[in-house]
Amino acid sequence: MMFQLAITIGIFVANVLNYFFAKMKNGEGWRYSLGFAAVPAVMIIIGAIFLPDSPSSLIERGKDEKAKQELIKIRGTSDVDEEFKDLVEASQSSMAVKHPWATLLKRHYRPQLVMAIAIPFFQQLTGMNVITFYAPVLFRTIGFGSNASLMSSMITGGFNALATFVSIFTVDKVGRRKLFLEGGAQMFICQIVITAAIASKFGVDGNPGILPKWYAFLVVGFICIYVMGFAWSWGPLGWLVPSEIFPLEVRSAAQSINVSVNMIFTFAIAQVFTSMLCHMKFGLFIFFAFFVLVMSGFIHKFLPETKGVPIEEMSVVWQNHSFWKKFVKSASEEANAKVDNSC
């Protein structure tokens with residue numbers, strides 16, 4: 001979740017810089033906007049030097065003692081024997097799997113495969129990247145001036161960062177499912193209101209006439225509420241939940257799929273958005289509202305609560321789920337099945 005927070009802070013800082021650079025009278029502001037992108041790149045390089053290995057990674061490379069010291073440092077207590085033992089056993093199980101990609105395709109790992117594809121796919125179809133990538137274009141299209149559109153982008157970026165803090169502080173109290181569902185409902189309602197507001201002023205010909213201030217406040221306000229709904233649900237949880245549900249034996253393959261699907265659809269949405277906006281106009285928000293409804297139904301039906309569940313025990317959660325239990329069998333059931341097959 002800190003990963004998502006860093007992204008939202010970065011977006012907000014970029015929006016602030018773009019707003020002030022746009023005011024440069026010599027027209028050179030775009031060069032500064034582009035050049036400042038080197039700053040986080042340098043921070044990443046320096047940070048990588050001090051980044052420690054995870055206990056699981058150290059165990060897999062046979063550095064058990066160092067792994068235990070890292071675990072003690074992370075937990076802030078020396079009472080980590082039970083957790084360390086679980087990590088060692090999970091690592092031994094994962095090392096027994098020679099082909100994680102083929103293993104992930106097995107029926108037993110069907111929940112992980114579905115989530116690795118569905119969660120990042122739906123995350124991009126919330127429509128949030130439309131706001132992130134094209135907020136100035138979007139605001140100009142619905143009648144804001146150039147500076148006003150950059151200001152609006154800065155405001156929504158600020159709400160995005162602040163709302164991510166809400167998720168960080170509440171996710172272990174209210175749970176993942178509740179945040180997913182609440183955020184979905186919030187985004188859906190906001191998209192319907194924004195659709196109605198744009199449709200009433202622009203219609204299908206795109207000519208709004210003179211836009212009153214109350215209209216500007218209404219649109220920006222509901223876009224901010226929409227952004228907040230994403231920022232404390234699908235934004236951080238789209239990264240958090242996959243990291244919690246993939247067991248070590250298929251973790252590398254599943255996380256690769258998760259990130260790949262995310263990046264592929266990020267690219268796709270970025271490429272088609274402007275064309276969709278030109279052709280669909282206010283219908284674009286209906287398009288994303290439909291998918292928000294679908295993804296909320298998906299979470300309600302298929303995602304179990306993962307709050308407080310260690311990775312090593314996630315298989316039990318799938319076994320107890322009303323739908324996934326038909327795919328994931330317990331150790332005793334698998335043993336009985338082997339006995340039946342041998343007979």
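Start by selecting Ala253, which sits in helix H14 (residues 248-280); helices here are DSSP runs of H or I with at least four residues, strands are E runs of at least two, and both are numbered from the N terminus. Is Ala253 buried or exposed? Its relative accessibility is 0%, so Ala253 counts as buried. The cut-offs are under 20% relative accessible area for buried, over 50% for exposed, and partly exposed in between, with a 1.4 Å probe and protein chains only. Now add Leu150 and draw a distance: the C-alpha atoms of Ala253 and Leu150 are 40 Å apart in space, with their positions 103 residues apart in sequence.

Before going on, a word on what is loaded. This is a predicted model, in which local features need pLDDT of at least 70 and side-chain atom pairs count only at pLDDT 80 or more, while totals for chains, interfaces and linings use all residues. Residues are numbered from 1 along each chain as its sequence is written, and side-chain values use heavy atoms, with hydrogens and water left out.

**Zoom out**

Show the whole chain as a cartoon. You should find 17 helices and 0 strands. Along the principal axes, the C-alpha atoms fill a box of roughly 80 × 45 × 35 Å. Of the 343 residues, 41% count as buried.

**Colour the annotated spans**

An unreviewed UniProt entry lists residues 32-51, 113-137, 149-171, 183-202, 214-235, 256-276 and 282-299 as "transmembrane region". UniProt positions are given in the numbering used here, feature names are shortened, and the annotations may be inferred rather than shown by experiment. Pick two of those spans. Residues 183-202 are 100% helix and 0% strand, and their end C-alpha atoms lie 28 Å apart. For residues 214-235 the figures are 91% helix and 0% strand, with 29 Å between the end C-alpha atoms.

**Hop to helix H2**

Select Leu34, in helix H2 (residues 29-35). Leu34 counts as exposed, because its relative accessibility is 60%. Put Ala14 on screen too: 20 residues separate Leu34 and Ala14 in sequence, and their C-alpha atoms are 9.8 Å apart.

**Go after the salt bridges**

Side chains of opposite charge can pair when their charged atoms come close. How many salt bridges does a search of the whole structure find? The search finds 7, where a salt bridge is a side-chain nitrogen of Lys or Arg within 4 Å of a carboxyl oxygen of Asp or Glu.

Show Arg31 and Glu28 as sticks. Their side chains meet in a salt bridge at 2.5 Å, N to O. Arg31 counts as partly exposed at 47% relative accessibility, and Glu28 is partly exposed as well, at 29%.

Next, try Lys73 and Glu70. This salt bridge has its closest N and O atoms 3.7 Å apart. Both residues lie in helix H5 (residues 64-75), 3 residues apart, or about one turn of the helix. Lys73 is exposed, with a relative accessible area of 62%, whereas Glu70 counts as buried at 12%.

Then select Glu244 and Arg176, whose side chains form a salt bridge at 2.4 Å, N to O. Glu244 belongs to helix H13 (residues 234-245) and Arg176 to helix H11 (residues 176-202), so the pair ties together parts that are 68 residues apart in sequence. Glu244 counts as buried at 13% relative accessibility, and Arg176 is buried too, with a relative accessible area of 4%. Add Asp172 to the selection: Asp172, Arg176 and Glu244 are linked in a network of salt bridges.

**Switch on the surface**

Which residues make the nonpolar surface patch of about 550 Å²? Select Ile9, Phe12, Val13, Leu162, Phe165 and Phe169. Patch residues have over 30% relative accessible area and no salt bridge; like charges are joined within 9 Å, and nonpolar side chains (Val, Leu, Ile, Met, Phe, Trp, Tyr) within 5 Å. Accessible areas come from the Shrake-Rupley method with a 1.4 Å probe, and for residues only the protein chains shown count as cover. Helix H1 (2-21) and helix H10 (146-174) each supply at least two residues of this patch. Click on Val13 in helix H1; Val13 counts as partly exposed, at 40% relative accessibility.

Last stop: Arg107, Lys301, Lys326 and Lys329, which gather in a surface patch of positive charge. Lys and Arg count as positive and Asp and Glu as negative, with His and the chain ends not counted; a charge is placed at NZ of Lys, CZ of Arg, CG of Asp or CD of Glu. Centre on Lys326, in the loop between helix H16 (314-319) and helix H17 (331-342). Lys326 counts as partly exposed, at 46% relative accessibility.
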